[in-house]
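The questions below ask what justifies each label given to parts of this model, and each answer sets a computed value against the criterion it has to meet.

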Amino acid sequence: MLALQDISKSFGTRVLFDRVSLRIGLHDRVALVGPNGAGKTTLFEIIAGRLSPDSGVISRNKNAVIGYLAQELYQDESGTVLASVMAGQSDLASLEHRLLLIQDEIATSSEADAAPLLEEYGELQHRFEQLGGYSRESKAKEILFGLSFKARDLDRPVVELSGGWRMRVALAQLLLQQPDLLLLDEPTNHLDLASVIWLEEFLGRYEGAILLISHDRQFMNGLATRVVEVDQRRLIAYTGNYDAYVTAKAEQQAIVEATAKNQQKKIEATEAFVERFRYKATKARQVQSRLKQLDKIERIELAPEAKHVRFSFPPPPRSGKDVIKLEHAAKSYGQTVVYRDLSLTLQRGDRVALVGPNGAGKSTLLKMLADALPPDSGTRTLGHNVTVAYYAQHQLESLTPSHTLLDEITTAAPMAEQGFLRGILGAFLFSGDDAKKKVAVLSGGEKSRLALAKMLVQPANLILMDEPTNHLDIPSRDALEIALHQFQGTLCFITHDRHFIQSVANAIIEVDAGRVTVYPGAYDYYMYKKTIEADRAAASNRPGGAAPATASQAKPAETERPARKTKEQKRQEAEERNQRHRAAQPIKVKLQALERDLADKEGRFKLLTEQLASPEFYQQTNFHDAVQEHGRLQKEIEALSREWEALAGQVEAMDQAKTAS
């Protein structure tokens, strides 16, 4: 459908791409990754036809439609939310307009004049129906609701919306158009968690091709079947999702480093031979031969190690056990009641993620905890020796554009030494003269790093963060995760990054319709509990009421004696046990075979891993085969492990049923 061949692109002396090539098929799911500034968005602009390459050829299927969600704000402010989304299908909108026009003409025409109009109306109506015109509005609503719009929002003028909600309108318009190739540049940046999950499921069913840029690794893992890395002016393709790319890149890097190390040893040995026998006539021929060998060697150059954010929160003073309390808090915005009677306590060591739909009150709750927004009634009480640091959702907007970076960080600690402040800036990749840059020229990611750097200046034992990962690339998110793991205080945060929640949180608080529900445990436990709750709700909605109680739920009253079993009942139960035993036997046999196969493959995998860790192994001619076998075994072990877990679960369920009977 699309092919880029030998594409080059420069801006002044800066070369982004040097003769790169890329092919996108009809059903491809490609994630484009690489450091900020590497050229990912520029490549999107070239594919979308907004930028021209300096050289190279772009081949597109002439019938293919390309849709592009850029990072800039949605520009068309006319019309309502629903009308703006539906207007994106310009062909259908034109057809609908023509049909309405003909209807009006028919109503005021004579029978003779109306005949040709009726014929045209029938043809247009058939075409309108074929193109899905009559289901267009319902599809538009489905997409808007999936992106967390409410029914009351559909008739709101787009001009009233914030930038983030306008981006959702642009995304909804694009999804309704169903282009053959979707170009999505950071599509999850302005979405809440529920919308991210919905979008991932929607795109999973999408019939066209998808090329996306994202810093949300779980989103990429759920969608991508190929990852293309922008690195050192090149495009490097990897098969699989983001996790597979990370593994393959690490293995490839290890091989390159080992090969380079081995090559350097040979070069040093050759150079030592030349130096030792350079002036011996008897060795002249051999010396010349070795010099020719050195000239022919194509030196392996290792790419310079990428700079990453490295920081840690300073050790804060120890707080009391109860860190902060909200008691009987109420909060409203005009006639909209967010909380009526909210009581909540965070204790020392809590790492709480607030989740819930947009508009449920997560940011309001965080603001009340931070004392950035006082409750209308009720109390907020800080525990003993508690100090608070607050990273707001719009923290970047609070930075002063005219300040230098050093000026800005100094506002957080006016008495701190300049060397200390420069050191913190350096940890966030602002080194040397970067400290003199104006805040106004920073990118979104750089502003996020600066805002986080300001939090490090003064140690706090209660950190409140609203969407701290927005605009951060994956290495910076990893650095933040590591720092929060090591943080010795209490944390409460909001993010739509599921990997970040799973990695950092030890408790989940769900906020919905003014109610808060605490789930003690990580994000996967929360999802498990939500699945159970959904199953129970579905069961209670079945015809006839709730589903029959399970064996564990159906308990006889304590005073009730179980009736004696008849011989027929005992015979029937014995037969059922035999049937379960016969059913379980082949599964257990297969399980044992799987265990033997797994043990063999894991033994071979361990041996290959040890061999690949040795630089001497790369001198052998079969090391390429070993690398391929190592990768194949890893995938086979993962597949066998999943199969083993599924069968083991079946056997366990059968054993539980046997015990219950």
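Helices here are DSSP runs of type H or I with at least four residues and strands are E runs of at least two, both numbered from the N terminus.

Q: What makes the position of Asn470 a loop between a strand and a helix?
A: In this predicted model, Asn470 is found in the loop between strand S15, residues 462-466, and helix H15, residues 474-486.

Q: Why is Asn470 called buried?
A: Buried means under 20% relative accessible area, and Asn470 has 14% relative accessibility, so Asn470 counts as buried. Leaving aside residues up to four places away in sequence, Asn470 touches Asn189, Ser448 and His496.

Q: How do you know that the span of H15 is close to the expected one?
A: The expected span is 1.5 Å times one less than the number of residues; for the 13 residues of H15 that gives 18 Å, and the helix reaches 19 Å from its first C-alpha to its last. The buried residues of H15 include Ile474, Arg477, Leu480 and Leu484.

Q: What makes S1 and S2 a pair of strands?
A: Two strands pair if DSSP finds at least two bridges between them, and S1 (residues 2-11) and S2 (residues 14-24) have seven, in the antiparallel sense, so the criterion is met. One of the bridges joins Ser10 to Val15 in S2. The two strands form a hairpin with two residues between them, and Gly12 in the turn has a positive phi of about 65 degrees.

Q: Why is the contact between Glu275 and Arg278 called a salt bridge?
A: The criterion is a side-chain nitrogen of Lys or Arg within 4 Å of a carboxyl oxygen of Asp or Glu; the N to O distance for Glu275 and Arg278 is 3.9 Å, so the pair qualifies. Glu275 is exposed, with a relative accessible area of 52%, whereas Arg278 is partly exposed at 38%.

Q: What do Lys454 and Glu408 tie together?
A: Their side chains meet in a salt bridge at 2.9 Å, N to O. Lys454 lies in helix H14 (residues 444-457) and Glu408 in helix H12 (residues 405-410), so the pair ties together parts that are 46 residues apart in sequence. Glu408 counts as buried, with 2% relative accessibility.

Q: How far apart along helix H18 are Lys601 and Asp597, and why is Asp597 called partly exposed?
A: The two are four residues apart in H18 (residues 567-612), which means a separation of about one helical turn, and their closest N and O atoms are 3.1 Å apart in a salt bridge. Partly exposed covers values between the 20% and 50% cut-offs, and Asp597 has a relative accessible area of 29%, so the label applies. Elsewhere, salt bridges that share partners join Asp153, Arg156 and Glu160 into one network. A search of the whole structure finds 21 salt bridges.

Q: What is the confidence of the model over the protein chain?
A: The mean pLDDT is 82, and 84% of the residues reach 70 or more. Over residues 545-563, however, the pLDDT is below 50, and this stretch has eight contacts in the model beyond near neighbours in sequence.

Q: How many helices and strands does the protein chain have, and how much of the chain is buried?
A: The protein chain has 19 helices and 18 strands, and of its 661 residues 40% count as buried.

Note on methods:
Residues are numbered from 1 along each chain as its sequence is written. This is a predicted model: local features need pLDDT of at least 70, side-chain atom pairs count only at pLDDT 80 or more; totals for chains, interfaces and linings use all residues. Side-chain values use heavy atoms; hydrogens and water are left out. pLDDT is the predictor's confidence in each residue, from 0 to 100. Contact means heavy atoms within 4.5 Å. Buried means under 20% relative accessible area, exposed over 50%, partly exposed in between (1.4 Å probe, protein chains only).
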